[in-house]
Amino acid sequence: MTTGTPTPSRDADQAEPRSGGPTLGRRAAIAGAGAAALGVVAACSSGGSGGSGGQSSDLPEGAPGTVLGPTSEVPVGGGAVFANQQVVVTQPAPGRYQGLSAICPHQGCSVNAVQDGEVICPCHGSRFGLDGAVLQGPAASPLARRAVTVQGTNITLA
Ligand code: FES
């Protein structure tokens, strides 16, 4: 069903706030920003279609410079799944953002939620920490890292 191939991971980690930034890109699935206790994210993406709409975007999905969404959508101690770009952004500590691939290393499903400080894969129940580390299998390896930066109030792929 899903033909999504895992995106090569980049080695960058956290981003720090900067100023200025591009406009918001595509729709992002996001967590409840204001709620502190439960950082719940939903927005299931059934990856695979990968269909590019042939729009006049100068950046392909997942390309450096792609704006994922505002920092306000990534709660401290939680995260948000940006399904269109197949990226999860977490905020383990205030102002410290971690980009992760949303592609589960088990069988390639897209993780679809961040709950109680854990990134959840709906297919077989793997759970990952906010740093991508495996908390519960069957996944045997962590979520790949994606480099992100903060520009103004937006999180952007680096
Ligand atoms: S694909 Fe994620 S747990 Fe199996």
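Is D116 buried or exposed? At 55% relative accessibility, D116 counts as exposed. I will come back to that residue. This is a predicted model, so please take what follows in that light.

Start with the overall make-up. The protein chain has 11 strands and zero helices, so there is nothing but β in the run of elements from the N terminus. Of the 158 residues, 42% are buried. The accessible surface comes to about 7500 Å², and carbon and sulfur atoms account for 51% of that. Among contacts with a separation of 6 or more, 58% are between residues 24 or more positions apart.

Now the hairpin of β4 and β5. Strand β4 covers residues 87-93 and runs antiparallel to β5, with five bridges joining the two. Two residues sit between the strands, and one residue to look at here is G95, which takes a positive phi near 80°. A93 stands opposite R96 in β5. Strand β5, residues 96-101, is mostly covered, with five of its six residues buried.

Next, the open sheet. Four strands make it up, in the order β6-β7-β8-β9, and the pairing is antiparallel. Its edges are β6 and β9, the latter at 134-136, and each of these pairs on one side only. Between β8 and β9 there are two bridges. The bridge partner of F128 in β9 is V134.

F128 turns up again in the interior. The largest nonpolar core has 14 residues, and V88, V111, V119 and F128 touch the most other members. Another core lies apart from it, with 11 residues, including L68, A80, V87 and L157. As background, nonpolar side chains in soluble globular proteins tend to be buried together.

On to the cysteines. How many disulfides are there? The count comes to one. The pair is C109 and C123, with the sulfur atoms 1.9 Å apart. The torsion about their S-S bond is about -95°, so the disulfide is left-handed. C109 lies in the loop between β5 and β6, and C123 in the loop between β7 and β8, so the bond ties together parts that are 14 residues apart in sequence. The two ends are covered to differing degrees: C109 has 18% relative accessibility and counts as buried, because the cut-off for buried is under 20%. C123, at 37%, is partly exposed. Two other cysteines to note are C104, buried at 4% relative accessibility, and C121, buried at 2%.

Last, the backbone. Most residues other than glycine have a negative phi, and most peptide bonds are trans. Which residues should be looked at with that in mind? Q86 is not a glycine, yet has a positive phi of about 60°. Q86 sits in the loop between β3 and β4, and with a relative accessible area of 15% it is buried. D116, from the opening question, also is not a glycine and has a positive phi, of about 50°. D116 is in the loop between β6 and β7, and is exposed, as I said. Then there is the peptide bond from G137 to P138, which is cis, with omega near 20°. P138 belongs to the loop between β9 and β10.

To close, I would have the group look at Q86 and D116 side by side on the screen: Q86 is buried, whereas D116 is exposed.

Key:
Residues are numbered from 1 along each chain as its sequence is written. This is a predicted model: local features need pLDDT of at least 70, side-chain atom pairs count only at pLDDT 80 or more; totals for chains, interfaces and linings use all residues. Side-chain values use heavy atoms; hydrogens and water are left out. Buried means under 20% relative accessible area, exposed over 50%, partly exposed in between (1.4 Å probe, protein chains only). Two strands pair if DSSP finds at least two bridges between them. Contact means heavy atoms within 4.5 Å. Accessible areas come from the Shrake-Rupley method with a 1.4 Å probe; for residues, only the protein chains shown count as cover. A disulfide is a pair of cysteine sulfur atoms within 2.5 Å. A nonpolar core is a set of buried Ala, Val, Leu, Ile, Met, Phe, Trp, Tyr and Cys residues joined through side-chain atoms within 4.5 Å.
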